[in-house]
Amino acid sequence: MDRPPPPPPFDAAVTVALLRQRLKSYDTDRARERLVSAVVRGATAGLALRGGLHLVTYLLGLALSHKRGRRGTPGNARPVALELVKDTLRWGAFLGSFAGVFVTSDEVIALLGGKKRTKRWRAFASGAVAGPTLLLTGPKARHTSLAIYILIRGLALLIRCGNLESADPRLRALLSPTRWRHGDVALMCLSAAQIVYSWIVLPQTFPPSYSRFLNKHGGREPYAYEGLRELLQFSRRGRGPFQLRSLAGTPFEDYSGTTPCHFLHPGQPCRTQGLHFLPHAYLRALPVYVPVYIFPALLVHGRALVRPSTAATLWAKLGTGVLRSSLFLSGYCTLAWVGACVGFNLTGRTTPWVICTSASIAGLAVLVEKKSRRMELAMYCLSRVVEAFGLCLVEWGYVRRAAMPRRLDVAIFSLATACICHCYSDHFGQRRKVFRSKYLAVFDAILGNTGFADASIRHVPSNNQLIASAQVRLNTSVQHLLSLAGGGEGGPAGSNHGAVQGFLGRVSGGARSLAVAPASAAHSRSPSPIGSDSSKTSSGSGSSGEEAGSGAGGRNGSGSRRQGEKEAGPSWAPQSSTAHDVHT
């Protein structure tokens, strides 16, 4: 039998010649423009988002310090402000670098391997390569919770891809449980079991801030939590009754029993303690959700909140959202305590197993939320659960702490960004429909929003067009201010008008020199999926950062897409595609 001929020897000259030929035929001008636009927009988004968050936090801290009579001196405030500025710059560098590395890797792989041959995995690999840029946020910073949350969102996108009508029937059959109508509620109940267990039994598996949040909305005295934990430890040794040292010096220091109901809700029977707890829990929940809804609404709607034609509708939706979400949080805590009481009384014991199983009914509280928000809440709770369960495995001794990677957050984040970027542009963008429009708009604004059908991704409008639009708005605002000042052409305001216009022209010219070259006429005529999607009016729900990138260009609307759409299945089921969801 004849052997196959051996492969030709490697010839460096031939390889270099082939690379040069591919490079000449590749649209390098578009790739360069996309790279510059992605870096600029990513860095700008990082500076704006992180800087805005730090600004709000800093101002609230100053206000609370003044209210409590603990206002710091300027010398004490400077180091704090300096650290916030440094952190803002780090996040700007991180998002700018992430966008740059992703675009560079995506274009290089397409150049070397071919756009068609690499269409299945090119964006996946590029997202994984860009993930380690998370290290730019600081050598001491750990973002495990954030990385797990993003990974869960990435896996949810992959599940939606598997639920598409064009997916393999065997894969769709395997994923059929993810299409259950109330799968989000089941996921919330499962998450509630682990959350309550970790909070009461192993609070060290939660970040301190999250434990303080649960302690506050749990509505009990600190000694009640400590007494419950001590009772759990004693119940493992025998059947009691037990004397609790953590209750010494409290009105319940003479307690002796096997269930904690006596000091958890004193003077209230188990049958009605939930009715007494709910109103107080609701009042505690209101201050949580007021800023969650108001601040994003101010950013998204702006003047529409005070415009007579739209103000009443928007504020009514905001108020409804605040009241509904506050009822969810208060109902969640109420059902957790009621379920725990039922478990204690049915078994006559206080064990971790009784707590986690009986308190799982707290997840039913998510039914008061809109369908579009239920899976959002379920995925957030699931991210907390995954992190807590992993630390529980360490506490139980199943996993050695030394075996944990030093930067596990970077590895998780890289996998998460690989999954998300795969759905963003692999398969020539055919799976972009699995994104919610508000999240897709963010990726489109930073990484490119058109040209997916032939893997010639670009930004429309370009950076130069955005700067021109900003100049027009700035000129209009200045002219309006000058007219309000009451000065004519010969008056004081009018005498400064030419100087102001000249200054604005110089600012615009300098900004243009930093931007990319003007987009070609073909680019200018291309429709923008961001603009078309953002033309709808938002319902004012509490999600922040909706439609980032909309409203920046002349064709982009200032509103965001309505979130309250009706859905037949869970959030990870494939959504019906529209012309606004995908542009190919």
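Q: The expected span of a helix is 1.5 Å times one less than its number of residues. How far, in Å, does α15 reach from its first C-alpha to its last?
A: This is a predicted model, in which local features need pLDDT of at least 70, side-chain atom pairs count only at pLDDT 80 or more, and totals for chains, interfaces and linings use all residues. Residues are numbered from 1 along each chain as its sequence is written, and side-chain values use heavy atoms, without hydrogens and water. Helix α15 (helices are DSSP runs of H or I, at least four residues, numbered from the N terminus) has 18 residues. Its reach is close to the 26 Å expected at 1.5 Å a residue, namely 26 Å.

Q: How many residues of α15 are buried?
A: Buried means under 20% relative accessible area, with a 1.4 Å probe and protein chains only. Helix α15 is largely enclosed by the rest of the structure, because the buried part of its 18 residues numbers 15.

Q: Which residue with a positive phi follows α15?
A: The phi in question is near 60 degrees. The residue that follows α15 with this value is histidine 427.

Q: What class of pair do the rings of tryptophan 199 and tryptophan 337 form?
A: The whole structure holds 19 aromatic pairs, counted where ring centres of Phe, Tyr or Trp (its six-membered ring) lie within 6.5 Å, with planes under 30 degrees apart stacked, over 60 edge-to-face and the rest tilted. The centres of tryptophan 199 and tryptophan 337 are 5.9 Å apart and their planes stand at 65 degrees, so this pair is edge-to-face.

Q: How many residues apart in the chain are tryptophan 199 and tryptophan 337?
A: Tryptophan 199 belongs to helix α7 (residues 183–200), and tryptophan 337 to helix α12 (residues 308–347). The pair thus links distant parts of the chain, with a separation in residues of 138.

Q: Is tryptophan 337 buried or exposed?
A: Its partner tryptophan 199 has a relative accessible area of 8% and is buried. Tryptophan 337 has a relative accessible area of 8%, so it is buried.

Q: Which residue has its charged end over the ring of tryptophan 337?
A: A charge sits over a ring if NZ of Lys or CZ of Arg is within 6 Å of the ring centre and within 35 degrees of the ring normal. Here the charged end is 4.8 Å from the ring centre of tryptophan 337, and it belongs to arginine 220.

Q: Over which ring does the charged end of arginine 384 sit?
A: The charged end of arginine 384 is 4.5 Å from the centre of that ring. The ring belongs to tyrosine 210.

Q: Which residues do ring pairs link into a cluster?
A: The cluster includes Tyr424, and α15 spans residues 408–425. The linked residues are Phe102, Tyr424, Phe435, Phe443 and Phe452.

Note on methods: Helix = DSSP H or I, 4+ residues; strand = E, 2+ residues; numbered from the N terminus. Buried < 20%, exposed > 50% of the residue type's maximum accessible area, 1.4 Å probe, protein only.
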